[in-house]
Amino acid sequence: MTQGLSAFSRLSALSDRHRALGTAFEASWNDMPVPQNYATDTYDEVIAVRTAAGLFDVSALRMIDVAGKEALAVLNEMCTSDISKIAPGASSLTSVVDENGSLIDDVLIYCDGPDAYRISHGGGSLEDILPGVAAGRDVTFTKDNDVHIMSLQGPKALDILNPNTPFALETLPYFGHQRTTLFGRPVSIARGGYSAERGYEVFCAAADAVALWDAILAAGKPVGAMPVSWSCLDVVRVEGGLLFFPYDMPQGDTTPWEVGLGWTVDLSKPAFRGRDALVRRKGQERVAQVGVEIDHHAAVEPGAKLFRDGKEVGLVNSTAYSRYLMRSLALAHVTPDLAACGTELEVRGADGTFAARVVKTPFYDPLRLRTHPLEERTA
């Protein structure tokens, strides 16, 4: 990384812990340095997430508190889904589009109670439009730069956390959240994550972050838990077929219809930002979101082109080599007529030309039984 940490407006309270684990802070996100790599092998970290648990620091996410009598109205005007359907203690993914119906952010909205919400978002421009939507209304919105977020992901995550909180964590549904204590410190725990495994995100004050990080790792060490890097996060989220804004929407004017996010759009609710454009552009998709398996021993570079019978037909977006699955994977866009599983393609990029084919996503756990166990679906 070419800049010192002092050049950034946001720093994780866990920076010293990350440095001790070997990171050089090679990357940053949302003006916060992130531990892209540790001294440990990224693939060993992936194995930990898949078989035990891995602890990520995802404090670089941006959190905004939205409250007031018109909070719901503001969120419903700004987002594509019906926010009124999110019950207190639940959360939901939604999209934010511009007046042309193009994605400008994807966000996770937590409902804390009547007229009280939290927005978690990444690299999009929600914060550019929120003031205009909220202007003149009975609503306040406050960026929370103190909150830190630790994400414990893996099949042992529940066993590690549950004995150390008074809340019965096993009762928390997917996308549920609960204010409680963990190792005696006040937190909010949410069930979810970005790994395609059962996992929990722990929200805490900066002052408690180091103590909680250390306590979680100490509790998890006997079962094989370990701290894991953002390079690990890149691999497990691609294995899980999980999109990352804006890297999986590189055209800049992609609609939710074109990336499989149509389920976040509720055209039955009253007028909202971009609704007319979304109606107009539905059925006019230029690309389809697909998973591609590539005959190569490494990850191909994002931006590599896809060809069919010598004609350019698509673009590779997020990529990873999965040692766990022994496959080179990509999340890609192709013309809609080539989206069927089994379609043969050719990848051309800086590393060479490789045969490829469209396959079902997620690549890992295609039925999502790890995050949505059958016993919970039938409960």
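Contact here means heavy atoms within 4.5 Å, and the model shown in these views is a predicted one.

**View 1. Helix 3 crosses helix 4 at roughly 130°.** Let us start with a pair of helices. Helix 3 covers residues 71-78 and helix 4 covers residues 126-134, and their axes come within 10 Å of each other. Angles over 145 degrees would count as roughly antiparallel and those from 65 to 115 as roughly perpendicular, so helix 3 is oblique to helix 4. The crossing of helix 3 past helix 4 is right-handed.

**View 2. Side by side, helix 3 and helix 4 meet through a short list of residues in each.** From helix 3 come Val 74, Glu 77 and Met 78. Helix 4 answers with Leu 126, Ile 129, Leu 130, Val 133 and Ala 134. Sorted by class, this contact has 7 nonpolar residues, no polar residues and 1 charged residue.

**View 3. Arg 118 pairs with Asp 112 in a salt bridge.** Here the closest N and O atoms are 2.9 Å apart. How accessible are the two partners? Arg 118 has 7% relative accessibility and counts as buried, because the cut-off for buried is under 20%. Asp 112, at 30%, counts as partly exposed.

**View 4. Glu 127 and Lys 143 form a salt bridge between a helix and a strand.** The N to O distance between these side chains is 2.9 Å. Glu 127 sits in helix 4 and Lys 143 in strand 8 (residues 140-143), so the pair ties together parts that are 16 residues apart in sequence. Lys 143 is partly exposed, with a relative accessible area of 42%.

**View 5. Arg 185 and Asp 208 link strand 11 to helix 6.** Their side chains meet in a salt bridge, 2.7 Å from N to O. Strand 11 spans residues 185-191 and helix 6 spans residues 206-220; the two partners are 23 residues apart, and the pair links distant parts of the chain. Which partner is buried and which is partly exposed? Asp 208 is buried at a relative accessible area of 12%, whereas Arg 185 is partly exposed at 31%.

**View 6. Five residues share salt bridges in one network.** Glu 293, Asp 295, Arg 327, Glu 344 and Arg 357 are joined through salt bridges that have partners in common. Side chains of opposite charge can pair when their charged atoms come close. For the wider picture, the model has a count of 25 salt bridges.

Key:
Residues are numbered from 1 along each chain as its sequence is written. This is a predicted model: local features need pLDDT of at least 70, side-chain atom pairs count only at pLDDT 80 or more; totals for chains, interfaces and linings use all residues. Side-chain values use heavy atoms; hydrogens and water are left out. Axes are lines fitted to C-alpha atoms, for helices over the stretch in contact, and angles run from 0 to 180 degrees between N-to-C directions. Helices (H or I, at least four residues) and strands (E, at least two) are DSSP runs, numbered from the N terminus. Angles under 35 degrees count as roughly parallel, over 145 as roughly antiparallel, 65 to 115 as roughly perpendicular and the rest as oblique. A crossing is left-handed if the near helix is turned anticlockwise from the far one by less than a right angle, and right-handed if clockwise. Ala, Val, Leu, Ile, Met, Phe, Trp, Tyr, Cys and Pro count as nonpolar, Asp, Glu, Lys and Arg as charged, and the others, Gly among them, as polar. A salt bridge is a side-chain nitrogen of Lys or Arg within 4 Å of a carboxyl oxygen of Asp or Glu. Buried means under 20% relative accessible area, exposed over 50%, partly exposed in between (1.4 Å probe, protein chains only).
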